[in-house]
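Dear colleague,

I am handing over the structure below, and what I found in it follows directly after.

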Amino acid sequence: MQEKLQHAPSSVSEHGQEYLGESLPRPQPEEPEEPSAKKSSKSKAEAKPGPSPKKSTKAGAASTSKQKQDPWKNRKLNVQKVMPKNLTMKPIEEDETLDVPKLAHSLDRVLFNPGVYELQDRRSRVFNFDPYLASIMPVKEFDFDALTAYITSSKDHKLRALCAKHNKKYCGSTSSMTAILSHFHFLISAWRKPNFRNLSRDFNVDLDRFTRITRAPAAAFATLKDGVYAIDADKQFDTANVLSLLGKSMEKLLTLPKEDFEKYRRTRSHQLSEEERNAEEGYHFTTLGDFMMRSQLDAHDPRLPGSGMFDLKTRAVLPIRMDVGGYEKGVGYELRVRQGQWESYEREYYDMIRSAFLKYSLQVRMGRMDGIFVAYHNTMRIFGFQYISLEEMDVALHGTSSRWVGDSEFKASLHLLNKLLNKAAERFPGRSLRLHVETRETNPPLTYFFAEPVDEEFITEMQESGKESVEKLQREILGLARAESEAEVSRVEEEIAELEQEEEEEISLEKSSQDEDGQNVWNDMMAKVDEAVEGDSRGLQAVRDAIQEALEQSGLLRAQSDAERESYLNALVEAVTVELPTDKESSEASGELYNAEQDDAEKVSGGTNAVAEPSLKDLIIKVAQNVETKSTNLKVFERVLSQLVAESKQAEAEPEREAPGSDEGATAKEADEEISKEIPGVAKENDKASAKAKTQDTKSGKKRELLGLYVTIQNKLGGKTVPRVMDRPGKGSKVEPWRIEYLFTELEQKKAETIYAQMQKRRKTALQNGTAETRSKAWYKMWGGQMAKRVTAGRTWRGQKNKEEADKPIRVAWAEEPLPADARYYVEDDAPSKQ
């Protein structure tokens, strides 16, 4: 049953002032305790899981020693602070005269009504919009060469010129910065879970976390030229796919009359004028701190609040996203109902909350837009449309429709990234950088930031790792022959209109004048963070991640509360790692252990005869399946699992609301793979690139140049420390404004190299997911084969409807008289026969 996420109630401080947020007690040393209070009355045979605190073990002794010799105790920390209200985003309106497209086909009606607008009413079969939209032009027939080429930040001369004019040090686009900024959301919000309250009560929320690809480490290049660092997304694991191409063509479909859109068909593209071919894209340029941000403008309607700008998003249905490389097998899937687990708009909305809303909201904020316009499709047909405002996305991400929380967090995220980039630029002056950022799900959360100096040759090789897949797609799907190198479209404007330059308010990096209690809280928190970092360097966090993933896939954590989940995970990790070597032994062996694991992984992925051994996650699942819940002769790890299995079976026995057609034996845990399925890897090329990245320093024999930092923060609201801010204080409130205190801590070189290698491995694992054959096999097994069955049923249903409506007049909502049957398509299309 869906868990509803509620706002934390307002609390009252000792001064009688209200503050909004969740109270954060001062951290205390962790002690072994029961997974839940209800187990306190159980017999000794069912006593709390995990090893006894009195048991003498290496790990236990090391832990006790750490507590006695806390390196953070009474240490004066260089804690800095920022108040989001003092950070200002300033528009640089250089393109006010550009004509940003508006929606065509009367689609603007969608903008002012919440919910989904179906293209064709499923009951009456009346079209609410032009029937022409029902059929998507195949990618083979669209002339993509007629579109203006996309320019990355590092190749955008105008963007660099604006940076020079406004004295900005860093520049980037929405596509290059949102992945990194997502991790600062995880940090500042302390991994706030998505809010699903906009879904119906009957919808079964299988997973309440962000998808794996959303949580995966983010990487980018900061290319230095003429004193400006241009941030480009790291494309090492990117590859071309049909969805990225459809996104470009469908933008034209939604904003052009059908007569003008038909000119982009390959057989008619000669009708396009030079002005249409070379039309400039519209951009919003915005500054904050040392950043100059660029956002491409898709569409505009002056009746919308603010700038009236909004983003266009084309959302492929679930079976398409599960294997984009083999998308053809999912084309028959239809959206036929508004609510439900299958073939519904609600399911697509749920997936967007977990996989896309965070990215979309950051893009909207960066571009000073109002929201997103979504077109739901299966690559051949469009089913419906929906406008989702920024406020609606904020409900899912921040638990409130007030923009204040999201806006403040966004500005603070940019501020933190700005300061981190400053440190990297100071450490490696005059050099381009490769950046990796990841927020770990620790308590408290911490964000790793790595910067490594790289040369232009290395950047080019990494960015072109997926070039082979792009060319292959062009040959096999498009049949196009683009030039290998694209001419840069933009030229620097000789004269730029002078704007009144406002004085930017500098945010002081002065040390926080904390009182004694505040300093103690920081010291206690940093002691816990230090343990988490140490665990990462020894691989313990990887063990914890594997255990958590195994338990989620087994469904054993479903009946547990968040506190119980955390307690069980702690007990299982302790049971698994109780015989791990001490810190000294671990530091000597950790590099060898990771290198051995990496070599094994490369053998499995690259070798033709290599056989993959079961992963830790697979072994845990196997143990859970075979454990006897009534046995008394169990090891500690098995005893904890036995309790989970028993409680899981008890929960399954209880009556529970279940969505129609759902398969309990094959839960939707595969949905956690969703976005990783959207970016199929090109293993061969990327493995070569990874090998180059790994050996670039060892060849020369030089010590590796690497800056490793981790960031910890504390949210202060109303004089209180809160893990996350839930809502804006009311007007007239005397509550102290939101203040974020933060601390940057540099990692020791050896520890930095170990954690950096593990982070790169996690990113590779998330973005690469096997061969086309293995992905296809997995696709047919997802949800116990339910998804494949739904595709077959949808294809049959569509075929019947096509036969029934083939010779019938077309009824539309805006006219009483029906349209002739041949008015369905502007040009005769073979789409129905393909379905």
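In this predicted model, the contact between helix H11 and helix H12 brings Leu 390, Glu 391, Asp 394 and His 398 of H11 against Arg 403, Val 405, Gly 406 and Glu 409 of H12. By character, the residues of this contact divide into 2 nonpolar, 2 polar and 4 charged. H11 covers residues 390–398 and H12 covers residues 403–427, and the two pack at an angle of about 75° with their axes 9 Å apart. Since angles of 65 to 115 degrees count as roughly perpendicular, H11 and H12 are therefore roughly perpendicular to each other.

Turning to the sheet, 5 strands form an open arrangement with mixed pairing, in the order S5-S14-S13-S12-S11. Its edges are strand S5 (116–118) and strand S11 (299–300), each of which pairs on one side only. Helix H5, residues 242–255, packs on this sheet and touches strand S12 (309–316) as well as S13 and S14, its direction making about 110° with that of S13.

Strand S13 deserves a closer look, and its two pairings can be taken in turn. With S14 (residues 382–389), strand S13 (residues 371–377) pairs in the antiparallel sense over 7 bridges; along this pairing Ile 372 stands opposite Ile 388 in S14, and Ala 375 stands opposite Phe 385 in S14. With S12, by contrast, S13 pairs in the parallel sense, again over 7 bridges, and here Phe 310 stands opposite Gly 371 in S13. The hairpin of S13 and S14 has 4 residues between the strands, and in that hairpin Thr 379 takes a positive phi near 80°.

How many of the residues of S13 are buried? The count is 7 of the 7, so S13 is largely enclosed by the rest of the structure.

A further covered element is helix H10 (residues 357–366), in which 9 of the 10 residues are buried. The buried residues of H10 include the aromatic side chains of Phe 357 and Tyr 360, and also Arg 365, alongside Leu 358, Ser 361, Leu 362, Gln 363, Val 364 and Met 366. After H10 comes Arg 368, whose phi is likewise positive, near 55°.

With best regards

How values were computed
Residues are numbered from 1 along each chain as its sequence is written. This is a predicted model: local features need pLDDT of at least 70, side-chain atom pairs count only at pLDDT 80 or more; totals for chains, interfaces and linings use all residues. Side-chain values use heavy atoms; hydrogens and water are left out. Two strands pair if DSSP finds at least two bridges between them. Contact means heavy atoms within 4.5 Å. Axes are lines fitted to C-alpha atoms, for helices over the stretch in contact, and angles run from 0 to 180 degrees between N-to-C directions. Angles under 35 degrees count as roughly parallel, over 145 as roughly antiparallel, 65 to 115 as roughly perpendicular and the rest as oblique. Ala, Val, Leu, Ile, Met, Phe, Trp, Tyr, Cys and Pro count as nonpolar, Asp, Glu, Lys and Arg as charged, and the others, Gly among them, as polar. Buried means under 20% relative accessible area, exposed over 50%, partly exposed in between (1.4 Å probe, protein chains only).
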